[in-house]
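Reader: I'm new to this one and would like a close look at a single part of it. Could you pick out one helix and walk me through how it sits in the rest of the chain?

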Amino acid sequence: MDSLPARELLEAVHQFPCSFVFKAVGLAEGDFVTTVIAEVRTALSQEFDAPFETRETPSGRHVSVTVSPWVESSDDVLKIYERIRVIPGLVMLL
């Protein structure tokens with residue numbers, strides 16, 4: 001989780017503004033889901049939550065959060081990655 005997507009790659013593959021999908025997988029304990037959603041909202045300086053879905057593993061140990069906010073630029077995408085990647089309990093970020 002040490003590297004962020006390259007700004008150039010983001011701009012070559014996506015036409016901004018657009019909806020961008022983030023998927024975070026983490027421990028189902030605590031407030032992992034609400035923290036992911038809050039960090040996206042904070043990164044974009046919004047007063048509302050972006051559309052999201054959650055899914056727990058059959059064992060209930062992990063949960064995935066798929067968030068699809070509207071982003072204006074590659075900078076927005078990078079800000080969101082920076083905020084999510086330090087959330088306690090994070091296992092994987094796509």
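Author: Let's start with a term: accessible areas here come from the Shrake-Rupley method with a 1.4 Å probe. By that reckoning, the chain's accessible surface comes to about 5,800 Å², and 51% of that belongs to carbon and sulfur atoms. Keep in mind that what you're looking at is a predicted model.

Now for the setting. There are 3 helices and 6 strands in the chain, and reading along the sequence you get the pattern α-β-β-α-β-β-β-α-β. The radius of gyration is 13 Å, close to the 12 Å that the globule rule gives for 94 residues, so the chain is as compact as a globular protein of that length. Along its principal axes, the C-alpha trace spans about 40 × 30 × 20 Å. Of the 94 residues, 35% count as buried. And if you take contacts with a separation of 6 or more, 74% of them join residues 24 or more positions apart.

The part I'd zoom in on is helix H3, residues 74-84. Which of its residues are buried? They are Ser74, Asp76, Val77, Leu78, Ile80, Tyr81 and Ile84. And what covers them? The cover includes helix H1 (7-13) and helix H2 (32-43), along with strands E2 (22-27), E5 (70-71) and E6 (90-93).

Two of those H3 residues turn up again in the largest nonpolar core, which has 24 residues: Ile80 and Ile84 are among those with the most contacts inside it, together with Phe32 and Val36. H3 isn't alone in feeding this core, as E2, H2, strand E4 (62-67), H3 and E6 each supply at least two of its residues. As a general point, nonpolar side chains in soluble globular proteins tend to be buried together.

Have a closer look at Ile84. Leaving aside residues up to four places away in sequence, Ile84 touches Ala24, Val36, Val40, Leu90 and Leu93. Val36, one of these partners, is also on the list of residues with the most contacts inside the core.

Then there's Asp76, which lies in H3 too. Is Asp76 buried or exposed? Its relative accessible area is 12%, and since buried means under 20%, Asp76 counts as buried. Again not counting residues up to four places away in sequence, Asp76 touches Leu44 and Val71.

While we're on charges, here's one last thing about the whole chain: the mean positions of its 8 positive and 14 negative charges are 4 Å apart.

Technical notes: Residues numbered from 1 in each chain as written. Predicted model: local features only at pLDDT ≥ 70, side-chain atom pairs only at ≥ 80, totals over all residues. Heavy atoms only, no water. Buried < 20%, exposed > 50% of the residue type's maximum accessible area, 1.4 Å probe, protein only. Helix = DSSP H or I, 4+ residues; strand = E, 2+ residues; numbered from the N terminus. Contact = heavy atoms within 4.5 Å. Core = buried A, V, L, I, M, F, W, Y, C linked by side-chain atoms within 4.5 Å. Rg over C-alpha atoms; globule rule 2.2 N^0.38 Å. Lys, Arg positive; Asp, Glu negative; His and termini not counted. Charge placed at Lys NZ, Arg CZ, Asp CG, Glu CD.
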